[in-house]
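Trainee: Could you walk me through this structure before I go back to the bench? I would like to start with the ligands and then look at the backbone.

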Amino acid sequence: MNIRTICCIGAGYVGGPTMSVIAQKNPSIKVIVVDVNKARIDAWNNENLSKLPIFEPGLAEVVKEARNRNLFFSTDVDSAIDEAEMIFISVNTPTKTYGAGKGMAADLQYVELCARQISKVSKSDKIVVEKSTLPVKTAEAIKDILANTNTAVNFEVLSNPEFLAEGTAIQDLIDPDRVLIGGDQTEAGLNAIEALVNIYTAWVPEDQIITTNLWSSELSKLTANAFLAQRVSSINALTELCESTGANIEDVAQAIGSDSRIGPKFLKASLGFGGSCFQKDILNLVYICKSLGLNQAADYWEQVVIMNNHQRNRFAHQIVKSLHGTVAAKKIGFLGWAFKKDTNDTRESAAIYIADILIEERAYVQVFDPKVTLLQIRSDLNGLNTRSETENDKFLVNHSDPYETLNGTHAIAVITEWDEFKSYDWQKIYERMQKPAFVFDGRNILDQKKLESIGSVSYTHLRAHETGRNL
Ligand code: UDX
Ligand code: UDX
């Protein structure tokens, strides 16, 4: 079966880039991306490509090529569902903030709403594809809703989880390690799988496309993220030990990663992982294990998140400790707010939690991020509900210029590993800082020797043996 029209519900960080690449590589397929958020759709349709709602290297070029050729962005969800033979569900699945499983389970209300809307509108057979990361067995619920609310048409449900990482999404989509497609092992299910395989083979070699049953696919996505996050927590768990023993975490990571059984990637010590996926997916895995009575497995995975929280807190408290035990009324400059470089996404960024601790200690937090707006920073902090919005505003400062932002600060915390931070004029920054001047490099990206040579008191958080030296 050859698909002619695709609809994707959810024009977010996953749906937007994924559909753009599918449309670029399949010019004969019409791809309609829909979203309930009108402002977001307007931004996707903006003539000015620098105004797309998502910053992702290479995305603007793909959108430019495919938009209004065979790629369309719209708020008319019903028409798009009606027209499409294949519908991707790419809505967000945040951690539940209420009821049973609060703080752990995935909130599937948007996914369920999508299923109900698909069922209500459909007049012809549809293949429904789960793109969002979902708990294992979610397809069962989707099938149940579809089968019981619209008996006139046939629905096949597939799982096709996305493995793109933000900041490298286009590269990851164009040259994926693998594409995973799960579906029922029935004749209709296998036909649906084949229809989706045909879309990907437009640019992905067939031997890189893995097909499985639905449950293996759903569970693989959840656990792939857990494995990745576990590596970050494992290396971060060693930073403290390095600091106490005089070992250098980067040397240790290199030595560990050179073992081909372990590999060098994802061993970069940091102030803790962020992003919309890792924490949410592990908590969800923990919840599933607990629900099945697998308490040891639940505890094992939960430790990855506990370690991550500890690393964030530790970074903030070391700033306080180094600044003679108090940051009250002191100015702390933040370089970066996004959860990693090359994205404007701030969800679960360590920045939010570190700023919250410092503001609780009454420090002024002055933030510069090349791609994140003050509006977003304020909304992230207010989202924690630690204090009133007015109070947060009192302690939060943001400038569009990095030098302006760092002017008069007592300390600088490097939060995100944006490349441009490395090439700043650190002599100029140092001269305008309060003395003694501290730099806490939560990403190990700055040249510590150079910083020390210009006379700053450099406390480079994760490079243990040189830390805390008063030069
Ligand atoms: C993705 C995945 O889909 C999610 O499973 C994963 O775990 C995190 O990343 P993402 O694309 O990053 O989500 O989410 P987001 O950028 O919030 O986009 C979701 C979009 O869906 C939003 O634009 C929202 O407006 C839209 N939406 C949500 C709908 O159109 N309808 C709804 O009912 C709910
Ligand atoms: C992740 C997965 O990588 C991707 O496959 C999945 O589809 C979605 O979730 P993403 O969250 O976009 O992608 O970014 P990722 O590159 O995985 O980084 C997550 C966090 O871990 C970031 O805060 C990053 O700074 C941190 N990290 C990553 C480290 O601290 N050290 C590392 O070595 C790698």
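Mentor: We will take the two ligand sites in turn and then some helices and loops, keeping in mind that this is a predicted model.

Trainee: Okay, ligand 1 then. Which residues come nearest to ligand 1?

Mentor: There are 19 residues around ligand 1, and those that come nearest are Asp35, Arg40, Thr133, Lys280 and Arg347. Sorted by class, the shell around ligand 1 has 9 polar, 6 nonpolar and 4 charged residues.

Trainee: What polar atoms lie by the oxygen atoms of ligand 1?

Mentor: Arg40 places a polar side-chain atom 2.6 Å from an oxygen atom of ligand 1, and a polar side-chain atom of Arg347 lies 2.7 Å from an oxygen atom of ligand 1. With Thr133 the backbone is involved, since a polar backbone atom of Thr133 is 2.7 Å from an oxygen atom of the ligand.

Trainee: And how much of ligand 1 does the protein cover?

Mentor: On its own, ligand 1 has 690 Å² of accessible area, and the protein covers 91% of that.

Trainee: Switching to ligand 2, how many residues surround it, and which are the closest?

Mentor: Ligand 2 is surrounded by 20 residues, of which Glu166, Ser270, Phe339, Lys340 and Arg443 are the closest. The shell around ligand 2 breaks down into 11 nonpolar, 6 charged and 3 polar residues, and its largest share, 4 residues, is contributed by helix 9, which runs over residues 214-245.

Trainee: Which backbone atoms lie by its oxygen atoms?

Mentor: For Phe163, a backbone N or O atom lies 2.9 Å from an oxygen atom of ligand 2, and for Gly274 a backbone N or O atom likewise lies 2.9 Å from an oxygen atom of ligand 2. In addition, a polar backbone atom of Leu267 is 3.3 Å from an oxygen atom of the ligand. As for cover, the protein takes up 91% of the 660 Å² of accessible area that ligand 2 has on its own.

Trainee: You mentioned helix 9. Where does Leu228 sit, and what does it touch?

Mentor: Leu228 lies in helix 9 and, not counting residues up to four places away in sequence, touches Phe266 and Phe278. Its relative accessibility is 31%, so Leu228 counts as partly exposed. For a sense of distance, Leu146 is 82 residues from Leu228 along the chain, and their C-alpha atoms are separated by 34 Å.

Trainee: What about Gln279, buried or exposed?

Mentor: Gln279, which is found in helix 11 (residues 278-291), counts as buried because its relative accessibility is 17%, below the 20% cut-off. Leaving aside neighbours within four places in sequence, Gln279 is in contact with Phe273, Val305, Asn309, Arg312 and Glu348.

Trainee: Moving on to helix 13, why is it described as largely enclosed?

Mentor: Helix 13 covers residues 350-360, and 9 of its 11 residues are buried, so it is largely enclosed by the rest of the structure. Among the buried residues are Ile352, Ile354, Asp356 and Leu358, and the cover over the buried residues includes helix 12, strand 9, strand 10 (364-368), helix 14 (374-382) and helix 15 (389-395). Just after helix 13, Arg362 takes a positive phi of about 70°.

Trainee: Which other non-glycine residues have a positive phi?

Mentor: Ala329 is one of them, with a phi of about 65°, and Asn444 is another, with a phi of about 50°. Ala329 is found in the loop between helix 12 (295-322) and strand 9 (331-335), whereas Asn444 is found in the loop between strand 13 and helix 18 (448-453). At 54% relative accessibility Ala329 counts as exposed, while Asn444, at 5%, counts as buried.

Trainee: Last one, where is the cis peptide bond?

Mentor: A cis peptide bond joins Lys435 and Pro436, with omega at about -5°. Pro436 is found in the loop between helix 17 (426-432) and strand 13 (438-441).

Definitions and conventions: Residues are numbered from 1 along each chain as its sequence is written. Chains are lettered from A and ligands numbered from 1 in the order in which they are written. This is a predicted model: local features need pLDDT of at least 70, side-chain atom pairs count only at pLDDT 80 or more; totals for chains, interfaces and linings use all residues. Side-chain values use heavy atoms; hydrogens and water are left out. A residue is near a molecule or strand if one of its heavy atoms lies within 4 Å of it. A polar contact is a pair of N or O atoms within 3.5 Å; within protein, one must be able to donate a hydrogen and the other to accept it, and residues adjacent in sequence count only if both atoms are side-chain atoms. Accessible areas come from the Shrake-Rupley method with a 1.4 Å probe; for residues, only the protein chains shown count as cover. Helices (H or I, at least four residues) and strands (E, at least two) are DSSP runs, numbered from the N terminus. Ala, Val, Leu, Ile, Met, Phe, Trp, Tyr, Cys and Pro count as nonpolar, Asp, Glu, Lys and Arg as charged, and the others, Gly among them, as polar. Buried means under 20% relative accessible area, exposed over 50%, partly exposed in between (1.4 Å probe, protein chains only). Contact means heavy atoms within 4.5 Å.
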